[in-house]
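User: Please take a close look at a single part of this model and describe its setting in one connected account. Begin with any term that I need in order to follow it.

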Amino acid sequence: NLECKHCCTYSGPKVSTASDVSTERMITVAEELAEAAVRDVLFSGGEPFLRSDFLQIVRAINPDQTMVYIASNGTAIDDRTVNELREARVAGVDISLDGHTAKLHQLVRLHPTSFQRAIRGIEACVRGGIPLRVTSCVIPETAAHVQDLVELLVRQGVKTLVIQTVLPSGGRAAEHPYLAVNPSVIPSIDQQIEHAQRRWGGQINIDLRAGASSGGAQGCPAGHHLVNISADGNVSTCSWLYKISPGLFTLGNIKSCKLKDCLANIDQMMQPWTTLTPGCPIPKVLNGIETIKTLPA
């Protein structure tokens, strides 16, 4: 329902949902999660709560076998929604808030009521006892106001804040590279967080993930520790790899294939990339695509 400038997809009210997976198939896949050894599910978007059947899908997942987390812009969350999430034993909700004022939040969210509605969603989750995390994408205009954001969230009763920076590598974010924070600003953000934790450390936990990427010492988690299912049912080893090259990283589609059967092709798909690097393969994939583009016809 928003057209955020920093969106890593092209989600928005003008995007067709005609190809989305049906309610019936989504519920069947929800029942297949345990068979596929899926321990955690994160619903993201776009905005998950805009599916009229979303809570029905959530209720179809057995919380004793698979924990459910939801990432939302908060605009569609109210007390009734929170009650249903609590009854479904949802493990956590993540609401995005990209500034401590409506003016700053609106720089990327654009809609004039998005800030007030996100705050309403945060208040409903806190009031209803839903495990809540707020995520904030810092841009150059908000980089000096991290402490102000923390103070606002402490007043709201939020216990966990994740601060990220915009990665202009996909979707609408790639069209707005000026939203990326200069690396030289990161130490200042870090100092603000240290100051905030000294002041409110017992009331809120703050996690800075500026410029973070998957992989690292333990290797790339794509396919083995995480998979991605798109709105139209394509199963891939990683949402970022899928955004870069759907053709290279689609394992199958849940409209016509059981989830467990889609996942059977992971090793075959990822092996060429994991041999190139022990960490995140995204730079190698991007470099390979650029190399292909420059080869003579």
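Analyst: A disulfide here is a pair of cysteine sulfur atoms within 2.5 Å. The model is predicted, so local features need pLDDT of at least 70 and side-chain atom pairs count only at pLDDT 80 or more, while totals for chains, interfaces and linings use all residues. Residues are numbered from 1 along each chain as its sequence is written, and side-chain values use heavy atoms, with hydrogens and water left out.

The part chosen is helix H5, residues 114-128. Helices (H or I, at least four residues) and strands (E, at least two) are DSSP runs numbered from the N terminus. H5 has 15 residues, and its first and last C-alpha atoms are 21 Å apart. That is close to the expected 21 Å at 1.5 Å a residue, the expected span being 1.5 Å times one less than the number of residues. Just after H5, Gly129 has a positive phi of about 75°.

Cys125 belongs to the buried set of H5. Its relative accessibility is 0%, where buried means under 20% relative accessible area, exposed over 50% and partly exposed in between (1.4 Å probe, protein chains only). Cys125 is not in a disulfide because the closest cysteine sulfur, in Cys4, is 18 Å from its own, too far for a bond. Elsewhere, Cys8 is partly exposed at 27%. The sulfur of Cys8 has its closest cysteine sulfur in Cys7, but at 5.4 Å that is also too far for a bond. By this rule the model has zero disulfides.

The other buried residues of H5 are Ser114, Phe115, Ala118, Ile119, Gly121, Ile122, Ala124 and Gly128. What do the buried residues of H5 pack against? Their partners are helices H3 (79-87), H4 (102-109) and H6 (146-156), together with strands E3 (92-96) and E4 (132-138); contact means heavy atoms within 4.5 Å.

Ile122 also stands out in the largest nonpolar core, which has 70 residues. Such a core is a set of buried Ala, Val, Leu, Ile, Met, Phe, Trp, Tyr and Cys residues joined through side-chain atoms within 4.5 Å. The members that touch the most others are Ile122, Val93, Leu97, Val150, Leu153, Leu161 and Leu259. Apart from this core lies another, of six residues, among them Val108, Ile139, Val166 and Leu179. In soluble globular proteins, nonpolar side chains tend to be buried together.
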